[in-house]
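Hello,

Here is the structure I promised to pass on to you. Please open it first, and then read my notes underneath alongside it.

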Amino acid sequence: MIKVNVDISHALPFVDGNAFKGIEKEVSAAHRSLIDGSGKGNDFLGWLNLPTSIPAEMISQINEDADRIRRLAEVLVVIGIGGSYLGAKALIDALGYNYPMIYPNPDFPHVLFAGNNLDEDYHYDLLKILDEKSYAVAVISKSGTTTEPAVAFRLIRDHLERKYGKTNVGFRIIAITDKSKGALKKLADAEGYRTYVIPDDIGGRYSVLTPVGLLPVAVAGFNIENLVNGAKEMQDHLSGTFTAETNPAIRYAAMRNALLRNEKAIEILVNYKPGLVYFSEWWKQLFGESEGKENKGLFPASVTFTADLHSMGQYIQEGRRNLFETVLSVDQPLNELRIPLDADDTDGLNFIAGKRLSEVDKMAELGTRMAHTEGNVPNIRISVPVIDAEVLGQLIYFFEFACALSGYTLGVNPFDQPGVEAYKGKMFSLLGKPGY
């Protein structure tokens, strides 16, 4: 059962109806190109049928390795950058508790992340934690030479060898890398690390349903079978239906492109749950890196309401009218809290006494959508019943599919990222790397 619903009714008034129908046809054509593999970047479509092609043996092996890590480590350090960590971080935060001191089971390690920046204090503080904790490492890189994770792995590998002895660290390291080439693969083979493969035809930002995301999520104690099953359900649905009325990815991609052509150049992903902040970060990389090329594409931004209503809300309500919102709405919380009655009513809130906090939150969401729409901010609503592993699997595949459709509609290759290399050449030159 598909649990992701896309409502564009609060965006339709901002676009010409006939023009929108034309864009729907363009997106449907993009759908055909995606399914038949005739579009740009078709050598990176491994993600397209990934959910239904993940071997049961791989899931079992990942769960076995997760159990092994749980027995030997209090902490798993995931070393990676971009798509090599954002998906795992997004899922663990969304499925976990809002406060790290509440953990579902002390047998599940804390998952910490490194190699996603070059900040000295960040990594110094991490090593201080690792001085006191037993730990294991999942290092994620196709090449093994990407600067940020390679530097972090040097630091942490050195720390491991000093803490446990050089001959006692191999079983604490899992390498997720290329199947046959690259510096990390060479090192893993030489040192006997357990390895998992990042398929050649899957780019980093589409890799969350590979061991890149599945291993950290399993170590953290969450059900990766349910995650994959949710993605399978969405794959089956999106690949088999070809109109905006029946296919939510076509509907979403068509509307965001229609708004872009109507001078709405910024898309703000809105959520009302702090646990979804890193899901928004994953979404921003997915769309920003896929569409932002050839001087095209929407600029992806994000906010978490209601907190950001007290900071960014003013601009969204009355600033430049070059933006629209996509609201990721969750129908039901997992827990229940009711607002108590106060005999003195000093804060004037007795009118909501007895209501669930989620009801107040929902009225804030609805009121904000109404106010922003009246303020000429188009609004797309993507709703799900709850946040669980199955729903997140559906959301991940939905956004991946919609992103590919949207990129094809823009006329760009949604699976490359040539601009990412620009800063590296300048940095290497400044650092004196030979050949730069």
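**What I found**

Helix α8 (residues 211-219) is largely enclosed by the rest of the structure, because nine of its nine residues are buried. Please keep in mind as you read that this is a predicted model. The buried residues of α8 are Pro211, Val212, Gly213, Leu214, Leu215, Pro216, Val217, Ala218 and Val219. After α8 comes Gly221, which has a positive phi, near 100°.

The loop between β6 and α8 holds a residue you may like to click on, Ile202. With a relative accessibility of 1%, Ile202 counts as buried. Its C-alpha atom is separated by 5.7 Å from that of Trp47, although the two residues are 155 residues apart along the chain. Setting aside neighbours within four places in sequence, Ile202 is in contact with Phe44, Gly46, Trp47, Leu50, Lys142, Ser207 and Thr210.

**The parallel sheet**

Now to the sheets. One open sheet is formed by five strands in the order β3-β2-β4-β5-β6, and its pairing is parallel. At the edges stand β3 and β6 (194-197), each with a single partner strand, so each has one side left without a neighbour in the sheet. From one strand to the next, the twist averages 20°.

Strand β2 (residues 75-79) is a good place to start looking: this strand is mostly covered, with five of its five residues buried. In a regular strand the side chains alternate between the two faces of the sheet. Here, Val75, Val77 and Ile79 point one way from β2, while Leu76 and Val78 point the other way, and all are buried.

What joins β2 to strand β3 (residues 110-114)? Five bridges do, and the two strands run parallel. Within β3, Val75 has His110 as its bridge partner, and Val78 has Phe113. Strand β4 (residues 135-140) is likewise joined to β2 by five bridges, and this pair runs parallel. There, Val77 stands opposite Val137 of β4.

Two helices to display with this sheet are α3 and α7. Helix α3 lies across β2, β4, β5 (173-177) and β6, and runs at about 140° to β6. Helix α7 (residues 183-191) lies across β4, β5 and β6, at about 145° to β5.

**How α3 meets α9**

Two packed helices are described by the angle between their axes and the distance between the axes. For helix α3 (residues 56-72) and helix α9 (residues 224-240), the axes come within 11 Å and cross at roughly 150°. Angles over 145 degrees count as roughly antiparallel, which makes α3 roughly antiparallel to α9. The crossing in which α3 passes α9 is right-handed. On the α3 side the contact is made by Ile59, Ile62 and Asn63, and on the α9 side by Ile224, Glu225 and Val228. Sorted by class, this contact of α3 with α9 has four nonpolar residues, one polar and one charged.

**The mixed sheet**

A further open sheet consists of five strands in the order β1-β10-β9-β7-β8, with mixed pairing. Its edge strands are β1 (5-7) and β8 (299-304), each of which pairs on one side only. On average, neighbouring strands of this sheet are turned by 20° against each other, direction ignored.

Inside this sheet, six bridges join strand β7 (residues 266-271) to strand β9 (residues 323-330), and these two run parallel. One of the partners to look up is Thr326 in β9, the bridge partner of Leu269. Helix α11 (residues 277-291) packs on the sheet and touches β7, β8 and β9; the direction of α11 makes about 175° with that of β8. Helix α14 (residues 389-410) packs on the sheet too, touching β1, β9 and β10 (379-384), and the direction of α14 makes about 145° with that of β10.

**One last residue**

Is Met427, in helix α15 (residues 422-431), buried or exposed? Met427 has a relative accessible area of 16%, and buried means under 20%, so Met427 is buried. Apart from neighbours within four places in sequence, Met427 is in contact with Leu118 and Thr147.

Happy browsing, and best wishes!

Definitions and conventions: Residues are numbered from 1 along each chain as its sequence is written. This is a predicted model: local features need pLDDT of at least 70, side-chain atom pairs count only at pLDDT 80 or more; totals for chains, interfaces and linings use all residues. Side-chain values use heavy atoms; hydrogens and water are left out. Axes are lines fitted to C-alpha atoms, for helices over the stretch in contact, and angles run from 0 to 180 degrees between N-to-C directions. Helices (H or I, at least four residues) and strands (E, at least two) are DSSP runs, numbered from the N terminus. Angles under 35 degrees count as roughly parallel, over 145 as roughly antiparallel, 65 to 115 as roughly perpendicular and the rest as oblique. A crossing is left-handed if the near helix is turned anticlockwise from the far one by less than a right angle, and right-handed if clockwise. Contact means heavy atoms within 4.5 Å. Ala, Val, Leu, Ile, Met, Phe, Trp, Tyr, Cys and Pro count as nonpolar, Asp, Glu, Lys and Arg as charged, and the others, Gly among them, as polar. Buried means under 20% relative accessible area, exposed over 50%, partly exposed in between (1.4 Å probe, protein chains only). Two strands pair if DSSP finds at least two bridges between them.
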